[in-house]
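Visitor: I would like to walk through this model with you and ask what stands behind each label. Shall we begin?

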Amino acid sequence: MKALLVHNYNLNSSLIEQFGGDKFSLDYYQSIRNPNFSIDRFFHEELEKIFKNKKYEVIFLPYTLSIQNYLELTGLRFAAHIRLSKEFNHHLTPIVFIGPESPEQIAKLSNLGSILFTSGIFTTTKQDVNSINEQYKWIINNKPAINEIEYQHFLERIIITPPDNYQSHHSIDNELALVRWSEYLGCDNNILEVKENLQTGLYFKYHKALYPIKQSGKGKHFLINGQGKILLIDDEAEKGWAKFYECFFSSNLNNKSISLETLQIDYKISSQEQIIDAALEKFSQKENLPDVVLLDLRLCDADFKTNPQPKPEELTGYKILQEIKKINRGIQVIITTASNKAWNYELLLNVGANGYIIKRADNDVADDIKRLKNTIEQALKKANFLKKVFSVIEEINKYIHDNNLIDESLKKVLENNYTIAYDMLEKAFDNEKYYNYSYLQLFICIEEFLKIKDIFEYGDKCYLNKNIIVAEKLDKNKWKSIIKHNESTPSYWTLEENDEVINITTDFKMSCYIIFNLNQQNSKFLNWPDIRDIRNNKAAHPEKGRVTKKDIEKILEFLKHIFNNQNMQQPTKSGLK
Amino acid sequence: MNKRIILIEDRPERLSQFLGIDQINELKNLNDLTIFYGENCNEVIEKINSTADILSLNEYKLIIIHRSALKDLGISNLINYCKKNKKDLIFFSGGISQSVFSSNDFNYLLVNSKELYQPHLKNFLSKYILGNIKHLSELIYGDKWKISIMLSLRQLLLKGELDRMSSELKEQYQNLIGINSLEDLNKEIDKEILII
């Protein structure tokens, strides 16, 4: 008789004694006081022992393997393990439940009772060896195994709920992605506990059977093109994601081009407020801000509430994202999520998220890793430029705020211009034309600056600082002026009275400002002639030329200088008489 | 005399993850229930982790604690303490996929957090305090707890254990469900399951 009887001495003792096949007593009560006891791990390990080098034709067991608490109905769970563990090669074997209850009664008492109404599952109320032998023979002759179609029906019919710490498919996908990505890079030895959960947990077995996973394959380590400081904010960091990223960035960590940090906090026992505080602590030193943040959205228990579910803007990750973007919009925040919900994407982009890494169990791992590499390279590239840009713009806005020559309405106009210019720079990484548009927007700030009457007042006589006459109209196209145009390349202006000026241009106004208010010999100061020519020759003509990041940096430095009231000096030179 | 309970939950947000504000307030207002959660439970957890003689728990009859909050040694300490002092112990954790009960030496229940933090938790605790909980499994099965006891008894009877059962055990079953003949048990079980 190639049959197996699994029991916990909770069947009629004469049946156990006289059973003709192998017998295996399974008593988990000896183990339940172990610190990390998990019934799924226990069952998995027992199955490994039971089926080692064995092939049974029928398996008999009671509905429960508990003596003290029948409703645990652990026999059902054990049978589900047999069905869902293909590696033990008994997943198609007929199973007979022994017990006085009817299948309908058991199904009323447990969700797992659904297994009783699937192919290859039999029940008997008789606990004598003759009846069991009869049933064995009948099964061998009539239903020696279930087929693949019946197996699929079994998967459709069985009900297995995830344990509480896998509140959604996202948590499952998250762990599966961790294991598959780590296997791909050959660093899965770092996540043995997660791997064991996936291997032994009944729900994971069920999930794997429903959604078979392709082999991850093996990839090579590579060098990320770029450098910077990366911060991982993920409640699963300690569970394995921190180790994964250490492995992912290993070449760059070795050559010190990239540094990787995590929050030194136990997410599980921290409140939302504590997690946000710990995250923002990493942004407290302005001169040492992270470049790229890999941010999970759900970071504490409150984020996993089910009734009612938190609104997106109540999630801890969302709040951290908002705060980071207030500190420096140039910091690139990549949302790492196992969700691909559209609301997430739209909403988070609106708050300033810079990209998504979706952790899915069913994707091609090589593609996922490639996408991860590209996303991070692009983020580092953007952060290197945009973080500096944002800082300079913040500084300029502060100067504008403190500058009492600028009235409130102009302050608003200028701040708005800078925001638009920054937005365009973000877009420029996808379409370089936006560098030109951004440059023009920044140049408008120079023009707005020169419209301040306390700085330059236009009329038949043009005044600087309300009292220095820098130009006087002679006729329609002719001005007498205190500065003279010098036709070199690039052209510039020097202090010299002449009557050759035809138009009072932005160049003229700014050159006056530079020579008088910044106390310079000529208008070459801070590359003004270049800044002017880039505006006229490249920025305004995207079809002819592209503004570069260096051009942007140049004009920003210029703006920073002129908007800083401290740099304005009392003119020592005289104007026209 | 009331039976006092201590609930130790190191994850501060988990109560609100499963229970509404009103339900949490009801728990907080229960006399004879002490709740330590978040940072407030550090001290008691530290004690359990470091000593086998946890005097501060002496006044409680039921200890409900998040298993993962404790180190391995703390878990052993607490189990030994409950065994020695005949305390009831409920360990809960998010990773527990199947509830398990044992009454060997002391009443011990291992449950998933979701099964602990149910709306009827307050009723269970109130009844427990007043001594009206006959079996810890009432926490997970609610009104169905008796079915489990009846099924367990029937299992023993079918196994042919009746004659070998100690009079103490027979009395326990008698007290819990008031039935001990197989025929009566079958009828009662069928009836109870029918009305689920």
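Guide: What follows is a set of questions about labels and the values behind them.

Guide: This is a predicted model, in which local features need pLDDT of at least 70 and side-chain atom pairs count only at pLDDT 80 or more, while totals for chains, interfaces and linings use all residues. Residues are numbered from 1 along each chain as its sequence is written, chains are lettered from A and ligands numbered from 1 in the order in which they are written, and side-chain values use heavy atoms, with hydrogens and water left out.

Visitor: What makes E101(A) and R154(B) a salt bridge?

Guide: A salt bridge is a side-chain nitrogen of Lys or Arg within 4 Å of a carboxyl oxygen of Asp or Glu. The side chains of E101(A) and R154(B) meet at 2.8 Å, N to O, so the pair fits the definition. Between chain A and chain B the count is three salt bridges, and the whole structure has 42 over all chains.

Visitor: Why do such side chains pair at all?

Guide: Side chains of opposite charge can pair when their charged atoms come close.

Visitor: How far apart in helix α2 of chain A are E46(A) and K49(A), and why does that amount to about one helical turn?

Guide: They are three residues apart in that helix, which means a separation of about one helical turn. Helices here are DSSP runs (H or I, at least four residues), strands are runs of E (at least two), and both are numbered from the N terminus. E46(A) and K49(A) also form a salt bridge, with their closest N and O atoms 2.9 Å apart.

Visitor: How do you know how many residues of chain A and chain B are in contact?

Guide: Contact means heavy atoms within 4.5 Å. By that test, 48 residues of chain A are in contact with 50 residues of chain B. There are also 30 residue pairs in polar contact between the two chains, both residues at pLDDT 80 or more. A polar contact is a pair of N or O atoms within 3.5 Å; within protein, one must be able to donate a hydrogen and the other to accept it, and residues adjacent in sequence count only if both atoms are side-chain atoms.

Visitor: What is the area buried between chain A and chain B?

Guide: The size of an interface is often given as the accessible area lost when the parts come together. Buried area is the accessible area (1.4 Å probe) that two parts lose on being put together, summed over both. Between chain A and chain B this is about 4,300 Å², of which carbon and sulfur atoms give 49%. In chain A, R33(A), Q68(A) and D164(A) lose the most area to chain B, together 18% of what that side buries.

Visitor: What makes a space count as a cavity?

Guide: On a 1 Å grid over the protein atoms alone, a cavity is a set of points where a 1.4 Å probe fits but cannot get out; lining residues have an atom within 4 Å of a point. Grid points are joined across faces, edges and corners, and a volume is the space filled by probe spheres set on the points. The search finds three cavities of 30 Å³ or more, and the largest holds about 60 Å³. Its lining includes Y63(A), Y70(A), Q155(B) and L158(B).

Visitor: How large is the second largest cavity, and which element gives the most to its lining?

Guide: The second largest cavity has a volume of about 40 Å³. Among its lining residues are L19(B), E26(B) and K122(B). α2(B) gives the most, with three residues.

Visitor: Where is the cis peptide bond at P490(A)?

Guide: The cis bond joins T489(A) and P490(A), with omega about -10 degrees. P490(A) lies in the loop between β14 (478–486) and β15 (492–501) of chain A.

Technical notes. 1 Å grid on protein atoms, 1.4 Å probe; cavity = no way out; pocket = protein on both sides within 12 Å on 5 of 7 lines; lining within 4 Å.
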